[in-house]
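Let's take a walk through a protein together, one stop at a time. Have a look at the sequence and the model, and then we'll start with a pocket.

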Amino acid sequence: MPLSDGLARFNQRYLNRGMRLIAGRVPPLAIVVHTGRRSGHVYRTPVMAFRNGRTWAFALTYGADRDWVKNVMAAGRFEIERGGRTIALHDPRRVDGDPGRALVAAYTRPILAALHVDQFLTATETG
């Protein structure tokens with residue numbers, strides 16, 4: 001069960017502004033740069049991102065029913081900012097029900113388990 005909608009709205013309104021300042025600099029945080037499906041507006045959403053070779057996994061701490069997830073799924077591509085670099089990604093896929101949290105770093109598994117996060121999004125580096 002992902003974190004609550006109320007907490008998601010609070011974070012979006014208040015915490016994400018500050019998180020965007022550090023998310024591209026402090027692993028496992030990154031910024032997902034995506035375009036709104038209807039608005040065409042470019043958004044920057046802080047997320048937890050984990051790299052394994054050319055594949056990236058993103059913990060869906062608020063579940064898969066979030067606008068950023070819908071936007072990247074609809075577009076089929078997006079970018080992330082991490083460590084001063086912009087990385088183009090394609091082929092986003094939802095992974096539902098990974099109770100072992102094998103897609104993410106071992107040090108984050110207990111935290112995600114305590115939060116009951118077992119949904120992820122994966123994507124592959126372009127190029």
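Here's the lining of the second largest pocket: Val 33, His 34, Thr 35, Val 42, Asn 71, Val 72, Ala 75, Arg 77, Phe 78, Glu 79 and Ala 88. Keep in mind as you look around that this is a predicted model. The volume of this pocket comes to about 170 Å³.

Where do those lining residues come from? Three elements each give at least two of them: strand 1 (29–35), helix 2 (67–75) and strand 4 (77–82). Sorted by class, the lining of the second largest pocket is made up of six nonpolar, three polar and two charged residues.

Now pick out one of the lining residues, His 34. You'll find His 34 in strand 1. Is His 34 buried or exposed? His 34 counts as buried because its relative accessibility is 5%, and the cut-off for buried is under 20%. So who keeps His 34 company? If you skip the neighbours within four places in sequence, His 34 is in contact with His 41, Val 42, Tyr 43, Thr 45, Trp 68, Asn 71 and Val 72. Some of these names should ring a bell: Val 42, Asn 71 and Val 72 are also among the residues lining the pocket. With Asn 71 there's a polar contact too, in which the two side chains come to 3.1 Å.

Next, let's turn to the charged side chains. How many salt bridges does the structure hold? The count is six, and we'll visit a few of them.

One of them pairs the side chains of Arg 37 and Asp 67, at 3.6 Å from N to O. This pair ties together distant parts of the chain: Arg 37 sits in the loop between strand 1 and strand 2 (42–52), while Asp 67 belongs to helix 2, 30 residues apart. Arg 37 is partly exposed, with 34% relative accessibility, and Asp 67 is partly exposed as well, at 47%.

Another salt bridge joins Asp 65 to Lys 70, where the closest N and O atoms are 2.8 Å apart. Asp 65 has a relative accessible area of 55%, so it counts as exposed, since the cut-off for exposed is over 50%. Its partner Lys 70, at 34%, is partly exposed.

Our last stop is the salt bridge between Asp 96 and Arg 94, with 2.9 Å from N to O. Asp 96 is partly exposed at 44% relative accessibility, and Arg 94 is partly exposed at 42%.

Terms used: Residues are numbered from 1 along each chain as its sequence is written. This is a predicted model: local features need pLDDT of at least 70, side-chain atom pairs count only at pLDDT 80 or more; totals for chains, interfaces and linings use all residues. Side-chain values use heavy atoms; hydrogens and water are left out. On a 1 Å grid over the protein atoms alone, a cavity is a set of points where a 1.4 Å probe fits but cannot get out, and a pocket is an open set with protein on both sides within 12 Å along at least five of seven lines; lining residues have an atom within 4 Å of a point. Grid points are joined across faces, edges and corners, and a volume is the space filled by probe spheres set on the points. Helices (H or I, at least four residues) and strands (E, at least two) are DSSP runs, numbered from the N terminus. Ala, Val, Leu, Ile, Met, Phe, Trp, Tyr, Cys and Pro count as nonpolar, Asp, Glu, Lys and Arg as charged, and the others, Gly among them, as polar. A salt bridge is a side-chain nitrogen of Lys or Arg within 4 Å of a carboxyl oxygen of Asp or Glu. Buried means under 20% relative accessible area, exposed over 50%, partly exposed in between (1.4 Å probe, protein chains only). A polar contact is a pair of N or O atoms within 3.5 Å; within protein, one must be able to donate a hydrogen and the other to accept it, and residues adjacent in sequence count only if both atoms are side-chain atoms. Contact means heavy atoms within 4.5 Å.
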